[in-house]
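Please walk me through this protein model, from the overall fold down to individual side chains.

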Amino acid sequence: MNLALSILSDAAASNVIDEIQKFATAPEQVDHEAYWGSVGIITLTGILVVFIILAILIFFFWGMGVIFSAIDNSKKKKAVSEKPTPAPVEKVEPVVAEEEDISDDDEIIAVISAAIAAYSEQDGKSYEIRSIRRKDSRTRSAWNLAGIGDNTRPF
């Protein structure tokens, strides 16, 4: 309120305070036009002060952004200019390992059959293999599904 009163002249400020005090003590004796005029002046002054300070803050932060981006750009230029030139690199031929033939699935089928036969001996039951298919690599593992279920469960 002090800032608002300092903006107004001394005569107008004393008139505003007098009108507000009259309204608080004896509302029937107050000149309502003068009272609402005083309220309007105070409101307008408050709104103007808020927007002026907001404009000052906007320009302050804009200026800080310009300053810091200039500092960053100068650091980047300095880093690029101080970067040592790389030494020439000798080319080395890559070593190629012999890959196992994956198309031969007979060995894999034999291992799966042996594992099932060993399990059936322990169990005392007879199992048979009806078909063997490759698992689609796009499906999720059980651990992956458990993690997703644990992390997406509602509280």
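The paragraphs below go from the whole chain to single residues and pairs.

The model is a predicted one. Its protein chain contains five helices and zero strands, so the order of elements, read from the N terminus, is α-α-α-α-α. The chain has 155 residues, and 9% of them count as buried. Its accessible surface comes to about 14,400 Å², and carbon and sulfur atoms account for 62% of that area. As for contacts along the chain, take those between residues at least 6 apart in sequence: 25% of them join residues at least 24 apart.

Helix H3 covers residues 32-82, and two of its residues can be set side by side. Thr-45 belongs to this helix, and so does Val-50. Thr-45 has a relative accessible area of 9% and is therefore buried, the limit being under 20%. Val-50 is at 53% relative accessibility, and because exposed means over 50%, Val-50 falls in the exposed class. The side chain of Thr-45 also has a polar contact, reaching the backbone oxygen of Ile-41 at 2.7 Å.

Val-50 is also one member of a nonpolar surface patch. The other members are Ile-47, Phe-51, Leu-54 and Ile-58. Together, the residues of this patch have about 490 Å² of accessible area.

Aromatic rings come next. A search of the whole structure finds one aromatic pair. Its partners are Phe-60 and Phe-61, whose ring centres are 5.3 Å apart. Their planes stand at 70°, and since the edge-to-face class begins over 60 degrees, the pair is edge-to-face. Phe-60 has 48% relative accessibility and counts as partly exposed, whereas Phe-61, at 55%, counts as exposed. The two rings therefore fall on either side of the 50% limit.

A further helix, H4, spans residues 106-123, and Ser-120 lies in it. Is Ser-120 buried or exposed? Ser-120 has a relative accessible area of 14%, under the 20% limit, so it is buried. Leaving aside residues up to four places away in sequence, Ser-120 touches Lys-125 and Tyr-127.

The last topic is charge. Side chains of opposite charge can pair when their charged atoms come close. How many salt bridges does the structure hold? The structure holds two. One joins Glu-128 to Arg-130, with the closest N and O atoms 3.6 Å apart. This distance is within the 4 Å cut-off, which is why the pair counts as a salt bridge. Glu-128 is exposed, with a relative accessible area of 62%, and Arg-130 is exposed as well, at 75% relative accessibility.

The other salt bridge is formed by the side chains of Asp-150 and Arg-153, at 2.4 Å from N to O. Asp-150 counts as partly exposed because its relative accessibility is 47%, while Arg-153, at 51%, counts as exposed.

Notes:
Residues numbered from 1 in each chain as written. Predicted model: local features only at pLDDT ≥ 70, side-chain atom pairs only at ≥ 80, totals over all residues. Heavy atoms only, no water. Patch = residues over 30% accessible without salt bridge, like charges linked within 9 Å, V, L, I, M, F, W, Y side chains within 5 Å. Areas by Shrake-Rupley, 256 points an atom, 1.4 Å probe, with all protein chains shown as cover. Helix = DSSP H or I, 4+ residues; strand = E, 2+ residues; numbered from the N terminus. Buried < 20%, exposed > 50% of the residue type's maximum accessible area, 1.4 Å probe, protein only. Polar contact = N/O pair within 3.5 Å; in protein donor to acceptor, adjacent residues only side chain to side chain. Phe/Tyr/Trp six-rings, centres within 6.5 Å; stacked < 30°, edge-to-face > 60°. Contact = heavy atoms within 4.5 Å.
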